[in-house]
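User: I should like to go through this structure by asking how each description is justified. Please set the values against the criteria as we proceed.

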Amino acid sequence: MNSKLKKLLCFGMAALMLVGSVGCSNVGASGKTNQTELKVAYGKDTNVISEKGNPDMLVAIFAGERLVEVVNGEVVPSIAESWEVKNDGSCISFKIKKGLKFSDGTDLTAKEVRLIFDRNIALKSFQWTEMDRVEKIEVPDDYTINFYYKDGMDGYIALAGFAEYGNTIIGSNSFQTPGDPTTPIVKYTSLGAWKISEYVKDQYTTFVPNENYKGDAVKLEKITVNTITDDEARVLAIQSGDVDVIVDYYHGGSAYTPRNLLSTLKEGGVQVLKQEMPMTTVLAFNYTNNDNWKNIKLRQVMNYAINKDEIAGLFDGWITPANDAYFSDCSPFTTSLGVQSYKYDPEKAKQLLAECGLTGFSPKMLVNSDNTDEVKMAELLKSMLLESGINLQLEVMDATKYADAKKGADWDVTSYYIGGPERRIYSRNEGRFDPSTPEFGASGCYTSETIVSAVQKAVDPFDVNERKAGFKEFYAAIDAEAACVPLYYNAVFVVAKDGVEGIKFIGTEPTFDNVTYKK
């Protein structure tokens with residue numbers, strides 16, 4: 001964030017505080033009135049109308065329900081009242097709750113539940129949904145749905161996959177051809193506390209209470225989510241009063257409030273709410289295209305050469321450096337996390353670099369210019385690595401060019417992340433370290449047969465004690481092989497005006513069902 005904007009923000013906050021104090025002197029604190037609408041700034045289009053994909057995860061959380069959820073690493077019921085694992089794990093049978101209705105009044109049945117899974121399979125939407133594992137789906141009655149798995153592709157990760165955003169249940173009338181999930185989604189009939197009343201692509205999405213929701217009623221009459229893709233523009237929108245709340249992208253890691261402005265916002269009387277995620281920003285190596293990175297000593301060089309406390313300092317203390325473990329203590333089975341072997345030691349890094357025969361090493365780092373925090377971090381890394389004799393070359397480019405460049409061979413390192421939102425903790429770890437998965441892409445983190453075996457032991461067993469043992473082995477394996485450089489633990493932030501109350505994090509996701517607003 002540039003200093004000019006920061007000064008403007010400070011001036012704006014001071015002006016707002018002055019106006020607020022004058023108002024209070026006239027009417028007193030009791031003069032605040034209840035508001036019926038909340039205006040939210042969000043960095044992504046919600047993609048409510050989708051030809052081949054699914055709507056954004058914010059829509060899934062506001063308006064959607066899934067068969068199950070993941071809480072503290074365990075799968076818990078949602079619209080499925082129970083499930084049974086059959087045939088040694090090759091079949092998962094769900095019993096659906098009775099009496100539920102979609103937002104358009106349609107009854108929820110297993111036939112309706114099936115539609116989203118048929119869509120994901122037909123359109124090959126396999127990333128994180130785990131639907132590539134499914135051999136067939138059966139609906140034996142109105143409230144039972146059975147999933148049969150391909151050989152070797154069952155396991156707890158398959159069960160946890162039903163909590164994925166892309167597996168949010170939507171009704172048959174959501175599709176252009178009602179009941180045909182292979183046709184585009186043209187409206188969103190859902191099961192959650194909110195429903196969508198209006199959507200204008202790249203502008204806004206309006207949520208109102210879902211009168212067919214069986215749970216507790218929401219407290220506001222309307223939430224308008226405004227699409228503001230520029231980070232600085234979202235900050236200025238709350239400073240000017242155009243919006244009441246800024247919500248980070250629910251995925252984490254992008255489209256968020258710049259961390260170095262959070263203190264300024266808080267000092268100006270704005271609330272800053274934080275929820276750490278089981279997701280870690282790391283430095284990843286392009287080992288699939290550059291054999292240098294297959295040398296463990298070079299990967300260790302990078303681990304010793306980076307001072308994570310300095311990186312955290314870029315963000316005014318709002319994020320936690322990944323000094324002690326690969327994941328924060330909000331990750332599942334934290335007693336198994338263990339401790340990293342690598343502490344900041346530039347002299348050790350120099351020694352290992354010489355042993356690699358790479359004196360004068362000049363690796364290329366790809367940097368996404370759309371993320372201002374990432375650019376700042378890259379510039380700091382360039383300066384920091386010089387102490388260990390590494391001349392980091394930065395290739396800064398926009399998001400489109402960055403995505404294309406990552407598919408090629410002409411780069412060495414880039415910032416990445418392991419883990420994810422709580423509901424993705426199984427699929428994301430497998431997807432980052434197992435090249436056979438559809439999520440791995442051109443290059444995930446460094447991996448090996450040992451790491452792949454360990455991650456499968458972490459995500460596959462239905463027995464919780466076996467999973468705990470597997471996570472312990474997995475964490476030890478990525479540490480032993482210096483699979484990446486963990487930099488800091490990610491968090492989701494909500495910035496809210498004074499008077500906004502009741503925002504609650506469930507897992508790592510902010511919810512607004514109980515929000516009230518007085519101003």
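**Overall fold and local detail**

Analyst: Of the contacts in the protein chain between residues at least 6 apart in sequence, 71% join residues at least 24 apart. The model is a predicted one. The protein chain contains 14 helices and 21 strands.

User: What makes the radius of gyration of the protein chain agree with that of a compact globule?

Analyst: For 519 residues, a compact globule would have a radius of gyration near 24 Å; the protein chain has 24 Å, and the two therefore agree. Along the principal axes, the C-alpha atoms fill a box of roughly 70 × 70 × 40 Å. Of the 519 residues, 56% count as buried.

User: Why are helix 12 and helix 13 called roughly antiparallel?

Analyst: Helix 12 (residues 425–433) and helix 13 (residues 449–459) pack at an angle of about 170 degrees, with their axes 10 Å apart. Angles over 145 degrees count as roughly antiparallel, and the pair is therefore described in that way. Helix 12 contributes Tyr426, Asn429, Glu430 and Phe433 to the contact, while helix 13 contributes Ile451, Val452, Val455, Gln456, Ala458 and Val459. These contact residues divide into seven nonpolar, two polar and one charged.

User: How do you know that cysteine 484 is in no disulfide?

Analyst: A disulfide requires cysteine sulfur atoms within 2.5 Å. The nearest cysteine sulfur to that of cysteine 484 belongs to cysteine 445 and is 4.4 Å away, and cysteine 484 is in no disulfide. By this rule the count comes to zero disulfides.

User: What makes cysteine 484 and cysteine 91 buried?

Analyst: Buried means under 20% relative accessible area. Cysteine 484 has 0% and is therefore buried; cysteine 91, at 2%, also counts as buried.

User: Why is phenylalanine 462 called partly exposed?

Analyst: The relative accessible area of phenylalanine 462 is 31%. The partly exposed class lies between the limits of 20% and 50%, so phenylalanine 462 is assigned to it. Phenylalanine 462 is found in the loop between helix 13 and helix 14 (464–480).

User: Which residues does phenylalanine 462 contact, leaving aside its neighbours within four places in sequence?

Analyst: They are Val85, Gly89, Gly155, Tyr156, Leu159 and Arg467. Of these contacts, the one with valine 85 joins residues 377 apart along the chain, whose C-alpha atoms are separated by 9.1 Å.

User: How do you know that methionine 279 is buried?

Analyst: Methionine 279 has 0% relative accessibility; the limit for a buried residue is under 20%, so methionine 279 counts as buried. Its place is in strand 12 (residues 271–285). Methionine 279 and valine 208 are 71 residues apart in sequence and 31 Å apart in space, C-alpha to C-alpha.

User: What makes the phi values of tryptophan 128 and alanine 482 worth noting?

Analyst: Most residues other than glycine have a negative phi. Tryptophan 128 has a positive phi, near 75 degrees, and alanine 482 also has a positive one, near 45 degrees. Tryptophan 128 is placed in the loop between helix 3 (110–122) and strand 6 (134–141), whereas alanine 482 lies in the loop between helix 14 and strand 17 (485–496).

User: Are tryptophan 128 and alanine 482 buried or exposed?

Analyst: Against the limit of under 20%, tryptophan 128 is buried because its relative accessible area is 7%. Alanine 482, at 0% relative accessibility, likewise counts as buried.

Note on methods:
Residues numbered from 1 in each chain as written. Predicted model: local features only at pLDDT ≥ 70, side-chain atom pairs only at ≥ 80, totals over all residues. Heavy atoms only, no water. Axes fitted to C-alpha atoms, helices over the stretch in contact; angles between N-to-C directions. Helix = DSSP H or I, 4+ residues; strand = E, 2+ residues; numbered from the N terminus. Parallel < 35°, antiparallel > 145°, perpendicular 65-115°, else oblique. Contact = heavy atoms within 4.5 Å. Nonpolar A, V, L, I, M, F, W, Y, C, P; charged D, E, K, R; others polar. Buried < 20%, exposed > 50% of the residue type's maximum accessible area, 1.4 Å probe, protein only. Rg over C-alpha atoms; globule rule 2.2 N^0.38 Å.
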